[in-house]
Amino acid sequence: MKDFKITRRGFLASAAAMTVAGCATAKMGKAPAYLSGRSPNEKLNVAGVGVGGKGESDIALCDTENIVGLCDVDDQMAAKSFERFPNAKRYKDYRKMLEEMKEIDAVTISTPDHMHFPVAMMAMALGKHVYVQKPLTHTVWEAREISKAAAKYGVVTQMGNQGHSGDGVRELCELIWSGAIGNVREVHTWTNRPIWPQGMTELLGKKPIPEFVDWDLWQGVAQRREFGGYWNTDKAGYLPFVWRGWWEYGCGALGD
């Protein structure tokens with residue numbers, strides 16, 4: 001198998017989709033076809049959909065590039081990203097951002113689980129490279145379709161499984177593969193998930209929608225429900241984090 005070398009821009013197209021975690025390891029060489037005609041010294045134009053919570057760190061790790069667009073339906077959660085990148089255009093509807101901002105090269109997608117698929121599919125169809133947080137999609141069917149789309153549109157993609165990219169996990173794999181600890185016959189693993197309410201049997205009651213939240217856009221492709229509260233103030237609700245415990249929006253502890 002021949003060695004494959006890429007330019008800085010070629011690497012960054014991938015790295016932007018992987019929260020540019022490995023920029024320091026870029027190698028110079030022949031540019032991939034999808035980047036032909038572009039200078040290796042150019043910066044990528046990166047946009048984020050869902051830029052609060054985990055999305056805040058995802059877009060922040062792309063700050064070596066041009067952060068041109070920030071999209072979030074929750075102004076309170078997105079406040080730090082808005083402050084960090086004051087020159088980026090702000091949107092609440094990802095569809096409007098992707099349609100208007102033709103200059104976007106890559107998109108980080110860090111929304112609740114149920115919106116990963118529609119946002120990523122639209123971005124890829126428009127030729128944007130994508131980094132999509134875990135779990136990749138809300139259903140198995142969506143995962144299969146999004147994989148087909150990535151191949152169809154020829155874009156660089158990455159799922160947010162960065163937890164498996166650290167030295168600890170790599171060293172563990174090498175220990176097992178080398179036989180240094182003998183044949184592994186049994187593994188014990190532990191997680192503190194879920195760290196949110198789960199197993200509810202009734203929907204939440206209706207509460208006033210905060211001015212800083214666009215509840216209709218937040219629900220996206222999900223079945224319409226009444227706003228059930230904002231956890232940070234009401235100690236009940238789907239936002240900004242406990243949506244994971246509701247199947248309409250998240251995949252529970254397994255998906256996390």
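The points below comment on a predicted model of a single chain.

1. Overall make-up. The chain contains 256 residues, and 43% of them are buried. Its secondary structure amounts to ten helices and six strands. Of the contacts with a separation of 6 or more, 58% join residues that stand 24 or more positions apart. The accessible surface is about 14,400 Å², and carbon and sulfur atoms contribute 54% of that area.

2. The largest pocket. This pocket holds about 740 Å³ of space. Four elements each supply two or more residues to its lining, namely α2 (54–60), α4 (94–100), α5 (116–125) and α8. Among these, α8 gives the most, with three residues. The lining comprises 38 residues in total, and those nearest the pocket centre are G50, S110, T111, P112 and W243. By character, the lining residues divide into 15 nonpolar, ten polar and 13 charged. Both charged and nonpolar side chains should thus be kept in view when this lining is inspected.

3. W243 at the pocket. W243, one of the residues nearest the centre of the largest pocket, belongs to the loop between α9 and α10. Is W243 buried or exposed? Its relative accessibility is 6%, and because the limit for burial is under 20%, W243 counts as buried. Beyond its neighbours up to four places away in sequence, W243 touches P112, D113, W218, Y238, Y249 and G250. P112 in turn is listed with W243 among the residues nearest the pocket centre. The C-alpha atoms of W243 and Q198 are 9.4 Å apart, although 45 residues separate the two in sequence.

4. Helix α5. This helix, which contributes to the lining of the largest pocket, is mostly covered, with seven of its ten residues buried. The buried residues are H116, F117, P118, V119, A120, A123 and M124. Which elements cover them? The cover includes the strands β1 (45–49), β4 (106–109), β5 and β6 (157–160), together with the helices α4 and α6. Just after α5, G127 adopts a positive phi of about 85°.

5. A47 in strand β1. A47 is located in β1, one of the elements that cover the buried residues of α5. With a relative accessibility of 0%, A47 is buried. Leaving aside residues within four places in sequence, A47 is in contact with I59, G69, M97, I104, A106, V107 and T108. Its C-alpha atom is separated by 9.1 Å from that of K89, which lies 42 residues away along the chain.

6. Two cis peptide bonds. Most peptide bonds are trans. In this model, the bond from K134 to P135 is cis, with omega near -15°. P135 is placed in the loop between β5 (129–133) and α6 (140–153). The bond from R193 to P194 is likewise cis, with omega near 0°. P194 belongs to the loop between α7 (167–178) and α8 (215–219). A reader checking backbone geometry may wish to view both sites, K134 to P135 and R193 to P194.

7. A253 and the second cis site. A253 is part of helix α10. Outside its neighbours up to four places away in sequence, A253 touches R193, P194, W196 and Q198. Its contacts thus include both residues of the cis bond from R193 to P194. The C-alpha atoms of A253 and R193 are 5.5 Å apart, while the two residues are 60 positions apart in sequence. A253 has a relative accessible area of 25% and is partly exposed.

8. K235. Most residues other than glycine have a negative phi. K235 is not a glycine, yet its phi is positive, at about 55°. This residue is found in the loop between α9 (231–234) and α10 (252–255), the loop that also holds W243. How accessible is K235, and in which class does it count? Its relative accessibility is 58%, and because the limit for exposure is over 50%, K235 counts as exposed.

9. Cysteines. How many disulfides does the count give? The count comes to zero. C62 has a relative accessible area of 0% and is buried, whereas C173 is partly exposed at 26% relative accessibility.

Conventions. Residues numbered from 1 in each chain as written. Predicted model: local features only at pLDDT ≥ 70, side-chain atom pairs only at ≥ 80, totals over all residues. Heavy atoms only, no water. Buried < 20%, exposed > 50% of the residue type's maximum accessible area, 1.4 Å probe, protein only. Contact = heavy atoms within 4.5 Å. Areas by Shrake-Rupley, 256 points an atom, 1.4 Å probe, with all protein chains shown as cover. 1 Å grid on protein atoms, 1.4 Å probe; cavity = no way out; pocket = protein on both sides within 12 Å on 5 of 7 lines; lining within 4 Å. Points joined across faces, edges and corners; volume = space filled by probe spheres on them. Nonpolar A, V, L, I, M, F, W, Y, C, P; charged D, E, K, R; others polar. Disulfide = S-S within 2.5 Å.
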